[in-house]
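Work through the exercises below with the sequence and the coordinates open side by side. Each task is followed by a solution that goes step by step.

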Amino acid sequence: MEYKVVPFVASIDKNETSKQVAIQLENLISTYSNQGWKYMRLESVTTFIKPDNGCFGFGAKPGYTTSRQIIVFGK
């Protein structure tokens with residue numbers, strides 16, 4: 001089986017609802033389905049961003065953990 005993994009980041013204005021998020025997800029799934037890919041699942045991937053030491057310690061930023069959404073397709 002062949003897989004394709006695509007990032008998914010929904011973007012809405014503060015007055016919009018989760019319905020707009022669902023529409024964005026649906027459109028992305030439809031786009032890849034039209035290319036022959038079958039939607040499999042939406043996953044969350046936790047990533048650690050390494051600290052930035054800055055220049056000579058100035059502007060240093062600590063490391064942190066973030067979560068990214070990805071869509072898995074197969075064919």
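**Exercise 1.** Determine whether E26 is buried, partly exposed or exposed.

*Solution.* The classes are set by relative accessible area, with buried meaning under 20%, exposed over 50% and partly exposed in between, for a 1.4 Å probe and protein chains only. E26 has a relative accessible area of 52%, so E26 is exposed. As to its place in the fold, E26 belongs to helix α1, where helices (H or I, at least four residues) and strands (E, at least two) are DSSP runs numbered from the N terminus. From E26 to V9, 17 residues apart in sequence, the C-alpha to C-alpha distance is 13 Å.

Before going on, note that this is a predicted model, in which local features need pLDDT of at least 70 and side-chain atom pairs count only at pLDDT 80 or more, while totals for chains, interfaces and linings use all residues. Residues are numbered from 1 along each chain as its sequence is written, and side-chain values use heavy atoms, with hydrogens and water left out.

**Exercise 2.** Describe S18 by its element, its accessibility and its distance from K38.

*Solution.* S18 is located in helix α1, which covers residues 18-33. Its relative accessibility is 59%, so S18 counts as exposed. The C-alpha atoms of S18 and K38 are 24 Å apart, for a separation of 20 residues along the chain.

**Exercise 3.** List the elements of the chain in order, and then decide how its radius of gyration stands against the globule rule.

*Solution.* The chain has one helix and three strands, and from the N terminus on these run β-α-β-β. The radius of gyration, taken over C-alpha atoms, is to be set against a rule of 2.2 Å times the number of residues to the power 0.38. The chain has a radius of gyration of 17 Å, well over the 11 Å that the rule gives for 75 residues, so the chain is more spread out than a compact globule. The C-alpha trace spans about 50 × 40 × 15 Å along its principal axes, and buried residues make up 17% of the 75 residues.

**Exercise 4.** Locate F56 and state its exposure.

*Solution.* F56 sits in the loop between β2 and β3. With a relative accessible area of 78%, F56 is exposed. The C-alpha atoms of F56 and A10 are separated by 37 Å, the two residues being 46 apart along the chain.

**Exercise 5.** Identify the aromatic pairs and classify the geometry of Y39 and F73.

*Solution.* Rings of Phe, Tyr and Trp (its six-membered ring) pair if their centres lie within 6.5 Å, and planes under 30 degrees apart count as stacked, over 60 as edge-to-face and the rest as tilted. By this rule there are two aromatic pairs. The ring centres of Y39 and F73 are 6.3 Å apart and the planes stand at 75°, so this pair is edge-to-face. The pair links distant parts of the chain, since Y39 is in strand β2 (residues 38-49) and F73 in strand β3 (residues 64-74), 34 residues apart. Ring pairs also bring Y32 into a cluster with Y39 and F73. Within this cluster, Y39 is partly exposed at a relative accessible area of 32%, whereas F73, at 0% relative accessibility, counts as buried.

**Exercise 6.** Find which residues I70 and T66 contact, leaving aside neighbours up to four places away in sequence.

*Solution.* Contact means heavy atoms within 4.5 Å. I70 is part of strand β3, and its contacts are V5, V6, P7, F8, R41, L42, E43 and V45. One of these, F8, is 62 residues from I70 along the chain, yet their C-alpha atoms are separated by 5.3 Å. T66 also lies in strand β3 and touches V45, T46, T47 and I49; at 19% relative accessibility, T66 counts as buried. For the chain as a whole, residues 24 or more positions apart account for 62% of the contacts with a separation of 6 or more.
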